[in-house]
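Here is a short report on selected sites in one protein chain. Please look over the sequence and the structure before reading on.

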Amino acid sequence: MTTAPTSVITVGAAMFGDAVAAQAVPVTSVDWRPPMPGTEADLATVLADPLRRDANARALAALLGVQASLVDVALASELLGLEPGQFLHAGPPITWDRASGPLRGALMGGAALEGLVEDPEDAVALFESGTSVSLDPCHHHGTVGPMAGVVTPSMWMFVLEDPATGRRTHCSLNEGLGKVLRYGAYGPEVLTRLRWMRDVLGPLLQTAVRATVTSAGPVDVTGILTQMLQMGDEAHNRNRAGTLMLMRDLAPAMVESGADAADVAESLRFVGGNDHFFLNLAMPACKLALDAARDIDGSTMVVAMARNGTDFGIQVSGTGDEWFTGPAQLADGLFLGSYGPDDANPDIGDSAITETAGIGGFAMATAPAIVRLVGGTVPDALATTRRMHEITLGENPRWSVPVLEFQGTPSGIDVSRVCRTGILPQINTGMAGRQAGVGQVGAGLVTPPAEIFPAALAALAGRTRARG
């Protein structure tokens, strides 16, 4: 006598499960995937590391424990010691000969801004010779830069500080969207805007921030992030609420600064009309938190994801300053005007620091309207946030998702979980034109190259074996 099963458990066989369910038999589906090819031995080594569990707990606690405050606005020459001819850029290290079109365009515009050349086109020879210029990643200087991320000595920088430790991070001021330097544009209108930011906006913001710090204390950037995530922002490609809250905190001091009234009005219009302005505070806030989790032996937590338009790189807490890199990917999304996929450059920018900290693409469920910019659907946004919990060490109770019953955002990307599940971090991003000088051509969704996570896992395994 054959007895019909009372229930069935299926593993990775959806078709079989559907067939059984159609016969009125209860089915429990287990979502299991084989690990990334070739990672089995390294996974076994890393998962057995006696330091790993405690190291990851410490790394996650460090990430979640940082409070980011806006304490100053100052010139890059003063903060970072940059001198004429020294340029910072987004992503892992790169040389001019491998630089992408948008990075080259931003460097060319930066050289003209600094007076190294009169015409940005003349900067090509300057960078090709390499004798009087240098390139270095923003991340190597406690700094992050969106898109091309080019920083020159005369640019003004936000200064964020963790009051508990005094550690600081920095980011340049946001220019807006379209034809802007960070997207590789360098036309006359770009340089005119940058000079106005250097001569008018930067000094006014410095006065306002310093006056605000004196009268009311530093601006609580972490607190603004907490609120904006509940107001429809995800703090990477949607920063509307965050920008308005920042204006609320700084506008009185700007008005009372004694600056020319026309300059104050123009500055307020510029910030108010630039929904991305707060991005350049969200990014260094995330870097400040992630830098606190660096250099913990045995930790498998990712502390940086960054792209220079050619390479995508990650850094991991347990492997120090080493970069693990692969080819930057093309985003899949929506294009502006007549632009299409052939016009877009591969992924670029330090702004993936937001996803590394658990917001941006990881918090898409907080900002369903973002799908109108980057593509996809509202259910996709909800599913993305849920899926990112599978590759993270925990969640951030400060940054919660109302539509998911105020669950904290997924935080602390774990290299071993990425390799074990094959799930890659989800990033939403702007797209720069492939050719220098074009500017923004669209926005979309992208993931890192898969091979960088097995490479990082192998390095972690090597360190585990070396400890014996």
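Asn274 counts as buried, at 5% relative accessibility. The model behind this value is predicted. Asn274 belongs to the loop between α10 and α11. Its side chain makes a polar contact of 3.1 Å with the side chain of Asn174. Setting aside residues up to four places away in sequence, Asn274 touches Asn174, Glu175, Gly176 and Thr243.

**Helix α10**

The loop of Asn274 follows on from α10. This helix takes in residues 261-272, twelve in number. From first C-alpha to last, α10 reaches 16 Å, close to the 16 Å expected at 1.5 Å a residue. Val264, Ser267, Phe270 and Val271 are the buried residues here. They lie on the same side of α10, because they cover an arc of only 130° around the axis. Residues three or four places apart in an α-helix point the same way, because there are 3.6 residues a turn.

What do the buried residues of α10 pack against? Their partners are α7 (188-216) and α9 (240-255). On the face turned away from the buried side, Ala261 and Arg269 are exposed. The N-terminal end of α10 is capped by Asp260. A side-chain oxygen of Asp260 lies 3.0 Å from the backbone nitrogen of Ala262.

**Helix α8**

Helix α8 covers residues 221-229 and is mostly covered itself, with seven of its nine residues buried. Those residues are Val221, Thr222, Gly223, Ile224, Leu225, Met228 and Leu229. The cover includes the strands β3 (69-75), β7 (156-161), β9 (219-220) and β15 (392-401). It also includes the helices α9 and α11 (279-291). Helix α9 thus turns up twice: it packs against buried residues of α10, and it helps to cover those of α8. At the start of α8, a side-chain oxygen of Asp220 reaches to within 3.4 Å of the backbone nitrogen of Thr222.

**The four-stranded sheet**

An open sheet holds four strands in the order β12-β11-β10-β14. The pairing is antiparallel. Strands of a sheet pair through backbone hydrogen bonds. Which strands form the edges? They are β12 (324-327) and β14 (348-349), and each pairs on one side only. Strand β10 (residues 302-308) is joined to β14 by two bridges. Asn308 stands opposite Ile348 in β14.

Beyond β14 comes Ala352, in the loop that leads to α12 (353-357). Is Ala352 buried or exposed? It is buried, with a relative accessible area of 0%. Leaving aside neighbours within four places in sequence, Ala352 is in contact with His236, Met305, Arg307 and Ile427. Glu121 is 231 residues from Ala352 in sequence and 30 Å from it in space, C-alpha to C-alpha.

**Single sites**

The table sets out the accessibility of several residues.

| Residue | Location | Relative accessibility |
|---|---|---|
| Thr45 | helix α2 (residues 40-47) | 19%, buried |
| Ala24 | loop between α1 (14-21) and β2 (27-30) | 71%, exposed |
| Met147 | loop between β6 (143-144) and β7 | 4%, buried |
| Asp295 | loop between α11 and β10 | 55%, exposed |

Thr45 counts as buried because its 19% relative accessibility is under the 20% cut-off. Apart from neighbours within four places in sequence, Thr45 is in contact with Ala461, Thr464 and Arg465. Ala24 and Thr6 are 18 residues apart along the chain. Their C-alpha atoms are separated by 9.7 Å.

Two loop residues in the table have a backbone feature to note. Most residues other than glycine have a negative phi. Met147 has a positive phi, near 50°. Asp295 also has a positive phi, of about 60°, although it is not a glycine. Met147 is buried, whereas Asp295 is exposed.

**Domains**

How is the protein chain divided? The division gives domain 1 (1-31), domain 2 (65-282) and domain 3 (294-467). The centres of domain 1 and domain 3, taken over C-alpha atoms, are separated by 35 Å.

How values were computed:
Residues numbered from 1 in each chain as written. Predicted model: local features only at pLDDT ≥ 70, side-chain atom pairs only at ≥ 80, totals over all residues. Heavy atoms only, no water. Expected span 1.5 Å × (residues − 1). Buried < 20%, exposed > 50% of the residue type's maximum accessible area, 1.4 Å probe, protein only. Arc of directions from axis to C-beta. Contact = heavy atoms within 4.5 Å. Polar contact = N/O pair within 3.5 Å; in protein donor to acceptor, adjacent residues only side chain to side chain. Pairing = 2+ DSSP bridges. Domains from an automatic or database assignment.
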